[in-house]
Amino acid sequence: MKKRFWINFVLVVTTVCGAAVCMPGCKKKTPTSTETEAKPKAKETRLMSANEETFGQTSDGRGINLYTLTNTNGLKARITNYGAILVSLEVPDRNGRLADITLGFDALEGYLKGHPYFGATVGRYANRIGKARFVLDGVEYKLAANNGENHLHGGIKGFDKVVWKPEDLRADDNEALVKMSYVSEDGEEGYPGNLACTVTYALTKDNELKMSYEAETDKTTVVNLTNHSYFNLAGQGTGDILGHELKLNADKYTPVDEGLIPTGEIRSVKDSPMDFTLPMSIGSRIKQVGNGYDHNYVLNSGGGSLAWAARAYEPTSGRIMEIHTTEPGVQLYTGNFLDGSLTGKAGKAYKKHYAFCLETQHFPDSPNKPNFPSVVLQPGQKYTSVTVHKFYTR
Ligand code: GLA
């Protein structure tokens with residue numbers, strides 16, 4: 001049987017005569033014959049916990065785990081080491097009712113069958129690289145073309161479809177975390193250099209889900225990692241996200257051609273349906289942008305240090321998600337390619353605009369756009385990227 005362990009589970013038992021705290025390792029006092037067991041007037045409080053269980057097996061027989069991180073307020077994130085995918089994220093509404101706000105599948109099978117990056121860790125290069133090629137130090141690298149003539153989200157077998165190695169699982173008073181690693185070999189999907197990566201998901205006591213990435217290479221390469229969660233703050237599968245109010249810390253965006261490759265221009269959002277500098281419902285102008293939003297916004301922060309990027313508010317539940325990131329860009333994608341053909345968690349069919357993604361990132365096609373912030377990683381340098389999703393209600 002698969003090893004199952006609780007890293008930290010603390011039960012706080014409040015009795016009539018005072019509080020008794022049962023820490024891990026301590027035993028509950030057994031009542032003597034003259035005592036009667038205190039009635040469970042007791043209130044149970046969960047503290048931070050990090051737990052591992054079996055999720056299933058890949059077709060080549062590799063065992064896959066599911067990690068559950070829980071915080072004091074009952075927020076719960078489930079993550080698998082297949083694709084380092086965020087499988088679910090339960091957060092409270094304004095009345096304290098929890099709902100899973102991410103699209104995905106109940107079982108590993110759904111993820112193995114293929115899906116549009118639900119919750120996945122995306123790499124080695126998130127988003128598109130035009131004509132699936134780039135030149136680095138005078139050498140042309142040809143990548144897998146998996147989106148027409150372009151390269152998308154790391155290629156045919158990107159980081160979302162590989163098995164990540166569990167590195168750490170723990171909880172203390174402040175956070176519960178799981179850390180995983182993956183070594184992408186020199187030449188994988190066409191990229192140069194062995195790239196050693198880690199991703200850490202940490203759920204904090206302040207209702208934040210923090211995703212941290214690190215990578216090192218032994219040859220000059222390009223890196224751009226992100227998380228591709230599909231959010232619906234009313235609860236996954238409940239309907240479209242057109243009524244969500246969105247505010248972005250971005251005065252500019254990168255316009256794209258028909259293949260969704262940036263033209264290289266950095267354009268103001270002013271007086272256009274791209275403008276989310278003031279809170280606007282996602283649906284208010286979506287018809288004016290063709291199939292929906294699928295654009296990279298240029299964050300005013302410029303990247304480099306953790307800064308406010310986006311806030312989404314869902315009026316019926318009151319849930320708010322705020323995103324801070326060290327990245328210079330964020331892709332707003334409104335689930336334009338969802339068409340109801342995929343059935344996800346709890347049997348819900350995922351239709352067009354049933355979720356939105358805010359993928360923090362460097363700009364698409366940066367390896368071919370010298371005017372965009374650099375995505376080049378040299379041996380001896382460390383790639384780091386942090387994105388924090390904070391949840392509260394109104
Ligand atoms: C992204 C891209 C979209 C689409 C989805 C996955 O974020 O920008 O065009 O490919 O991933 O379906």
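Let's start with contact range. Among contacts between residues at least 6 apart in sequence, 66% join residues at least 24 apart. Keep in mind that this is a predicted model. The protein has 394 residues, and 54% of them count as buried. As for secondary structure, there are 32 strands and one helix.

Confidence next. The average pLDDT is 91, and 89% of the residues score at least 70. The exception I want to flag is residues 1-43, where the pLDDT is below 50. In the model, that stretch has 53 contacts beyond near neighbours in sequence. Where pLDDT is low, the predicted coordinates should not be read in detail. Please treat those 53 contacts that way.

Now the sheets. One open sheet has nine strands, with antiparallel pairing. The order is E14-E15-E16-E17-E32-E26-E25-E20-E23. Which strands sit at its edges? Strand E14, residues 165-171, and strand E23, residues 280-281. Each of them pairs on one side only.

Look inside that sheet at E17 and E32. Strand E17 covers residues 208-217, and strand E32 covers 383-393. Eight bridges join them, and they run antiparallel. Methionine 211 stands opposite threonine 387 in E32.

A five-strand open sheet comes next, in the order E22-E21-E24-E27-E30. The pairing here is antiparallel. Strand E22 (267-268) and strand E30 (357-361) stand at the edges. Each has a single partner strand, so one side of each is left without a neighbour in the sheet. At the E22 end, two bridges join E22 to strand E21, residues 252-254, in the antiparallel sense. Tyrosine 253 stands opposite arginine 267 in E22.

Let me move to E5, E6 and E7. Strand E6, residues 76-80, is mostly covered, with four of its five residues buried. On one hand, E6 pairs with strand E5, residues 63-70, through five antiparallel bridges. There, tyrosine 67 stands opposite isoleucine 79 in E6. Five residues lie between these strands in the hairpin, and glycine 74 takes a positive phi near 90°. On the other hand, E6 pairs with strand E7, residues 85-92, again antiparallel and over five bridges. The bridge partner of arginine 78 in E7 is serine 88. This hairpin has four residues between its strands. In the turn, glycine 83 has a positive phi of about 70°.

Now the core. In soluble globular proteins, nonpolar side chains tend to be buried together. Here the largest nonpolar core has 60 residues. Which members touch the most others? Leu69, Leu89, Trp164, Tyr201, Tyr293, Tyr297 and Leu358. Strand E16, residues 195-204, supplies the largest share, five residues. A second, separate core has 24 residues, including Leu66, Ala120, Leu152 and Tyr350.

Take tryptophan 164 as an example. Leaving aside neighbours within four places in sequence, tryptophan 164 contacts Asn81, Gly83 and Ala84, among others. Its partners also include Phe159, Met180, Tyr182, Cys197 and Val199. Glycine 83 is the turn residue I mentioned a moment ago.

On to the ligand. There are 13 residues around it. The ones that come nearest are Arg128, His153, His228, Asp294 and Glu359. I have three distances for you, each from a polar side-chain atom to a ligand oxygen. For arginine 128, the distance is 2.7 Å. For histidine 153, it is 2.9 Å. For histidine 228, it is 2.8 Å.

Last stop, glutamine 331. This residue sits in strand E27, residues 329-333. E27 belongs to the five-strand sheet. Is glutamine 331 buried or exposed? It counts as buried, because its relative accessibility is 3%, and the cut-off for buried is under 20%. What does its side chain contact? There is a polar contact of 2.7 Å with the side chain of aspartate 294. A polar contact of 3.1 Å also joins the side chains of glutamine 331 and glutamine 361. Beyond four places in sequence, its contacts include Asn127, His295, Cys357, Leu358, Glu359 and Pro364.

That ties back to the ligand. Asp294 and Glu359 are among the residues that come nearest to it, and both are in contact with glutamine 331. Leu358, another contact of glutamine 331, is one of the listed members of the largest core.

Technical notes. Residues are numbered from 1 along each chain as its sequence is written. This is a predicted model: local features need pLDDT of at least 70, side-chain atom pairs count only at pLDDT 80 or more; totals for chains, interfaces and linings use all residues. Side-chain values use heavy atoms; hydrogens and water are left out. pLDDT is the predictor's confidence in each residue, from 0 to 100. Contact means heavy atoms within 4.5 Å. A nonpolar core is a set of buried Ala, Val, Leu, Ile, Met, Phe, Trp, Tyr and Cys residues joined through side-chain atoms within 4.5 Å. Buried means under 20% relative accessible area, exposed over 50%, partly exposed in between (1.4 Å probe, protein chains only). Two strands pair if DSSP finds at least two bridges between them. A residue is near a molecule or strand if one of its heavy atoms lies within 4 Å of it. A polar contact is a pair of N or O atoms within 3.5 Å; within protein, one must be able to donate a hydrogen and the other to accept it, and residues adjacent in sequence count only if both atoms are side-chain atoms.
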